[in-house]
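Here are some exercises to try with the model open beside you. Have a go at each task before reading its worked solution.

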Amino acid sequence: MVSRFSYTLDSSLDSVNKVEEAAEQLAQKSGLDEDRIFQITMAVREAAVNAVLHGNAYDPQKKIVASFENTGSSLIIRISDQGKGLDPTTLPDPLAPENLLNGSGRGIFLIRSFMDEVHFKLLHPGTELTLIKHLDSNQNRA
Amino acid sequence: MSMKISNRQVDGVTILDLSGRITLGEGSVQLRDAVRDLLSKGSKYILLNLADVNYIDSSGIGELVSAFTTVRNQGGELKLLKLTKKVHDLLQITKLYTVFDIKDDEAEAIGSFTRS
């Protein structure tokens, strides 16, 4: 069943929680198992945290937009902010020995670990992250 | 949504029993404050019981790492006890499973601290 909805939200932790809950509901309704619901929910939370914290820096004048879509074959979640813009090629590898004990820098890595596709788009200003989980391939995976 | 922390002492080791979520904001800050408070009181052998932690995000993972390094830099030890499957998997994905000393048995964990 195809469905789509979106929210425009303040740059706050409440918004992060709202986006996380929406992602969990979308994943639950799509019939995924508990592990994949967790993966999607966590990846979307991390993307929302990035938008609110690193993108908009809690600026009350800036909004985040979260859209959720079940195409029937994939779940597509887009999270955008109005910040300075994120260049993913500049992010340090959190698995490198010199970064392993860093207190931050694992969010994008976890998003990439848990989703089938992750795309970055610069918005001028801001960044849009597109997170995709393919439903069919996931159902067949062990 | 928040996290609860209770504190007990066993044979010179402080056990923090955590329950709930360790996430950006409340959970991470509570953990940071609890560890700092213990260190300020001279308690530097700390066992974090994560048996009832059902969710942790990248901020929470970062807080565990920061707590580990902070305690170690002060000559103490911080170990983890009873990971849930989700937390276990996250520490494996992030290659932190081998960084932390992780135990399943509380008595064994207590005995493993090298108190000076």
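**Exercise 1: Strand partners in chain A**

Which residue in β5(A) does I76(A) stand opposite? Once you have it, work out the sheet around this pair.

*Solution.* Keep in mind that you are looking at a predicted model.

Step 1. Go to I76(A) and look across to β5(A): the residue opposite is I132(A).

Step 2. Now widen the view to the two strands. β3 of chain A covers residues 74–80, and its pairing with β5(A) is antiparallel, with 7 bridges.

Step 3. Add the remaining strands. The open sheet of chain A has 5 strands with antiparallel pairing, and their order is β1-β2-β3-β5-β4. At its edges are β1 (3–10) and β4 of chain A; each has a single partner strand, so one side of each lacks a neighbour in the sheet. From one strand to the next, the twist averages 10°.

Step 4. Finish with the helix on this sheet. Helix α1 of chain A, residues 13–29, lies across β1, β2 (63–70) and β3, and its angle to β2(A) is about 5°.

**Exercise 2: One residue and its surroundings**

Find E69(A) and decide how to class its exposure.

*Solution.*

Step 1. Place the residue: E69(A) belongs to strand β2 of chain A.

Step 2. Count its surroundings. There are 17 C-beta neighbours inside 10 Å; a buried residue needs 20 or more and an exposed one has 12 or fewer, so E69(A) is partly exposed.

Step 3. List its contacts. Beyond neighbours within four places in sequence, E69(A) touches R4(A) and I76(A).

Step 4. Check the spacing to R4(A). These two residues are 65 apart along the chain, yet 4.3 Å separates their C-alpha atoms.

**Exercise 3: The buried face of a helix**

Identify the buried residues of helix α3 of chain A, then explain how they are arranged and what covers them.

*Solution.*

Step 1. Scan residues 107–114. The buried ones are G107(A), I108(A), L110(A), I111(A) and F114(A).

Step 2. Look down the axis of α3(A). The buried residues fit within an arc of 160°, so they line one face of the helix.

Step 3. See what lies over them. The cover includes α2 (34–55), β4 (117–122) and β5 (127–134) from chain A, and chain B contributes α2 (58–73).

**Exercise 4: Building up chain B**

Describe chain B from its elements to its overall dimensions.

*Solution.*

Step 1. Count the elements: there are 4 helices and 5 strands. Read from the N terminus, they follow the pattern β-β-α-β-α-β-α-β-α.

Step 2. Arrange the strands. The 5 strands make an open sheet of mixed pairing, ordered β1-β2-β3-β4-β5. The edge strands are β1 (3–10) and β5 (102–103) of chain B; since each has a single partner strand, one side of each has no neighbour in the sheet.

Step 3. Inspect a parallel pair. β3 (residues 45–56) and β4 (residues 77–81) of chain B share 5 bridges in the parallel sense, and Y45(B) has E77(B) as its bridge partner.

Step 4. Place two helices. α2(B) packs on the sheet by touching β2, β3 and β4 of chain B, at about 145° to β4(B). Helix α1 of chain B (residues 26–40) lies across β1, β2 (13–22) and β3, at about 170° to β2(B).

Step 5. Turn to the whole chain. Its radius of gyration, 13 Å, agrees with the value near 13 Å for a compact globule of 116 residues. Of those 116 residues, 43% are buried.

Technical notes
Residues are numbered from 1 along each chain as its sequence is written. Chains are lettered from A and ligands numbered from 1 in the order in which they are written. This is a predicted model: local features need pLDDT of at least 70, side-chain atom pairs count only at pLDDT 80 or more; totals for chains, interfaces and linings use all residues. The radius of gyration is taken over C-alpha atoms; the globule rule is 2.2 Å times the number of residues to the power 0.38. The arc is that of the directions from the helix axis to the C-beta atoms. Two residues are in contact if their C-beta atoms, placed from the backbone, lie within 7 Å. Two strands pair if DSSP finds at least two bridges between them. Axes are lines fitted to C-alpha atoms, for helices over the stretch in contact, and angles run from 0 to 180 degrees between N-to-C directions.
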